[in-house]
Each structure stands twice: as structure tokens, then as C-alpha cells.
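Hi there,

Here's the structure I promised to pass on. Have a look at it first, and then read my notes underneath.

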Amino acid sequence: SGEVDSYWEAGGRLGVARTYANRSELSINYQSLHWLYDDREQTDRQGNDIPGTSLSFWRPEVFGQWRHNWDAQRRWTTTTKFGWLWNQDNGSGYWNYDRVALSQKVRWRPGGWEIVAGARVGWYLYAVQTVGEERRERLFATVDIRVERRLGKHAFLYASAESDWNWSNQSLDQYSDWTAGAGIGIEF
């Protein structure tokens, strides 16, 4: 249909963090989100819409994060995240999947500049959906970089680029792309 799905999101997050040297932080978090779709219907186990129903997802997630500032001025910072998300629909389970993801970011802030580079990988394993005789799976990888230059207290210039790769046993899930952007920003 080409339309964007409209939904309500409700949820909460609980976390525990330990701060140590140079305001670095180690944390573990639990998040529970509920997506309540306005117009989408539940599907049967083959992916066919079930008229007169309303689709919703429960998306619990557990993730840990380690953010380490390598110097007292916090010019060098690395952030590592690892998480597991379990998506469950309120119907046949057709949209149920597990997602495991790992990301790494490095930030460098030398006087007036900020350079951030990152990489992320993840794997989706669907509980009900199949491709032929196999369960549907998808693996993704993303790399990105952003360079920012402050122009005084409120203005900045930036340039960014990102590349994504997706591999799957479902041909429609397979793609790669890249995006780039640049501009000027004003903050108040």
C-alpha cells in the first residue's frame, strides 16, 4: 500500500547503572514497549489479514551498555551495547521474532570538533514465518560516521554518512544502501 503504519506506543524502562572513573558508566536495562496499531489487522500463520481484528506488539528488551571515557576531559569515549529484543504479536505469532544486536561507537572531541564513528550488527530469527522449509532469518550490519564543527555557542556545521547491509533467506529483505548528509545547525 505504500502507507506508513500509524500506532500508539506505551512503555517503561528500568535500569541499574554504576558510574566510575571520568564519569564512565556500566548499565543493564529492561524496557517493555507496547505498539497498538490504528489500522493494521492481525494475521494468520500464513500472513493473511484477519478482518475485524486489531494488531498490537509487545516488545520486551534487555540490554547492557558500557560507556567509557578514556580521559578526564572526556575527549575520547567508547560505547558498547549488547541487547536482546523479543517481539510478540497479539495473534497467531506470525510477527514474533527474536533480535540480538551488538553496537560499538567511538567519539573524539578535540577543541570545537566532534567525530563519532560506529558499527552495529544484529540478527533476527522469526518464530513462525518461513522461507521454503526454513525459518525466516535476517542479519544486518551498519557503519556510520559524523563530523561536527562548532561555530560558537549556538551554531555548528556537520557532515555524516551511513552504510547498511542486510542479508536474509528472504530475498525481499536483502539490500544494501548508503546515505550522506551535510548542513548547518542552530541550537538554543
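Before you dig in, keep in mind that this is a predicted model.

Start with the strands. β2 (residues 24-37) and β3 (residues 56-69) run antiparallel, and 12 bridges hold the pairing between them. If you want one spot to find on screen, try Tyr30, whose bridge partner in β3 is Val62.

β3 also pairs with β4 (residues 76-89), again antiparallel, this time over 11 bridges. Here you can look for Phe63, which sits opposite Gly83 in β4. The hairpin that β3 and β4 make has six residues between the strands, and Arg74 there has a positive phi near 60°.

Now for the pockets. The largest one has a volume of about 320 Å³. Which residues lie nearest its centre? They are Glu61, Phe63, Gln65, Lys81 and Ser103, out of 16 that line this pocket. β2, β3, β4 and β5 (97-108) each bring at least two residues to that lining, and β5 gives the most, with five. Sorted by class, the lining comes out as four nonpolar, six polar and six charged residues.

The second largest pocket comes in at about 280 Å³. It's lined by 13 residues, with Trp95, Tyr97, Tyr124, Tyr126 and Arg138 closest to the centre. At least two lining residues come from each of β2, β3, β6 (113-131) and β7 (134-150). This lining has seven nonpolar residues, one polar and five charged.

Cheers!

Terms used. Residues are numbered from 1 along each chain as its sequence is written. This is a predicted model: local features need pLDDT of at least 70, side-chain atom pairs count only at pLDDT 80 or more; totals for chains, interfaces and linings use all residues. Side-chain values use heavy atoms; hydrogens and water are left out. Two strands pair if DSSP finds at least two bridges between them. Helices (H or I, at least four residues) and strands (E, at least two) are DSSP runs, numbered from the N terminus. On a 1 Å grid over the protein atoms alone, a cavity is a set of points where a 1.4 Å probe fits but cannot get out, and a pocket is an open set with protein on both sides within 12 Å along at least five of seven lines; lining residues have an atom within 4 Å of a point. Grid points are joined across faces, edges and corners, and a volume is the space filled by probe spheres set on the points. Ala, Val, Leu, Ile, Met, Phe, Trp, Tyr, Cys and Pro count as nonpolar, Asp, Glu, Lys and Arg as charged, and the others, Gly among them, as polar.
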